Amino acid sequence: FGIKKAVFIQQMNDWIEKDKIDQMYQGRRWIKSTRNQWQEGFPFWSEATVRRYLIDLESKGVILSTDQLRKDHFARSKCYTIDYDVLGLTLKGSN
């Protein structure tokens, strides 16, 4: 992934495990975040960079997203989690 995406995944993991837990769904903990909230969590990266990392990690299956947990279907937020099984396989394959 490189150091920057590893930092991104680690921060997401911290949010999931600690203070930003939003929902349990399909046996996983999910966090809900808008673009502004992502930017607040990663102020040292541009919004475009954060979005690019999300898209890339989601395309690899490391990050999962859903809008099924939104109570307000008009809100501009999605819920995210880490697929730790895919992450482990990806890291194992890079050794």
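**Exercise 1. In which helix is glutamate 58 found?** Then work out its surroundings.

*Solution.* Before starting, note that this is a predicted model, in which local features need pLDDT of at least 70 and side-chain atom pairs count only at pLDDT 80 or more, while totals for chains, interfaces and linings use all residues. Residues are numbered from 1 along each chain as its sequence is written, and side-chain values use heavy atoms, with hydrogens and water left out.

- Step 1: Glutamate 58 is found in helix 3, residues 47–59. Helices are DSSP runs of H or I with at least four residues, strands are runs of E with at least two, and both are numbered from the N terminus.
- Step 2: Glutamate 58 counts as partly exposed because its relative accessibility is 27%. Buried means under 20% relative accessible area, exposed means over 50%, and partly exposed lies in between (1.4 Å probe, protein chains only).
- Step 3: Not counting residues up to four places away in sequence, glutamate 58 touches Ile63, Ser65, Lys78 and Tyr80. Contact here means heavy atoms within 4.5 Å.
- Step 4: With serine 65 there is a side-chain to side-chain polar contact of 2.4 Å. Such a contact is a pair of N or O atoms within 3.5 Å; within protein, one must be able to donate a hydrogen and the other to accept it, and residues adjacent in sequence count only if both atoms are side-chain atoms.
- Step 5: Tyrosine 80 is 22 residues from glutamate 58 along the chain, and their C-alpha atoms are separated by 9.4 Å.

**Exercise 2. Place the helices and strands in order, then find the core.**

*Solution.*

- Step 1: Count four helices and four strands.
- Step 2: Read from the N terminus, the order is α-β-β-α-α-β-β-α.
- Step 3: The largest nonpolar core has 18 residues, and Phe8, Met12, Ile31, Trp38, Phe42, Ile63 and Tyr80 have the most contacts inside it. Helix 1, helix 3 and strand 4 (77–82) are the elements that give two or more residues to this core. Helix 1 supplies the largest share, five residues. A nonpolar core is a set of buried Ala, Val, Leu, Ile, Met, Phe, Trp, Tyr and Cys residues joined through side-chain atoms within 4.5 Å.
- Step 4: Now take tryptophan 38: leaving aside neighbours within four places in sequence, its contacts include Phe8, Met12, Ile31 and Tyr80.

**Exercise 3. Trace salt bridges from helix 1 and strand 2.**

*Solution.*

- Step 1: Apply the rule: a side-chain nitrogen of Lys or Arg within 4 Å of a carboxyl oxygen of Asp or Glu. The count comes to five salt bridges.
- Step 2: Lysine 5 pairs with aspartate 56, with the closest N and O atoms 2.5 Å apart. Lysine 5 lies in helix 1 and aspartate 56 in helix 3, so the pair ties together parts that are 51 residues apart in sequence. Both lysine 5 and aspartate 56 are buried.
- Step 3: Glutamate 17 and arginine 29 form another salt bridge, at 3.8 Å between the closest N and O atoms. Glutamate 17 is in helix 1 and arginine 29 in strand 2 (residues 28–34), so parts 12 residues apart in sequence are tied together.
- Step 4: Arginine 28 meets aspartate 83 in a salt bridge of 3.6 Å, N to O. Arginine 28 sits in strand 2 and aspartate 83 in the loop between strand 4 and helix 4 (84–93), 55 residues apart.
- Step 5: Compare burial: arginine 28 is partly exposed at 25% relative accessible area, whereas aspartate 83 counts as buried at 10% relative accessibility.
- Step 6: Finally, salt bridges that share partners join Lys5, Asp56 and Lys60 into one network.
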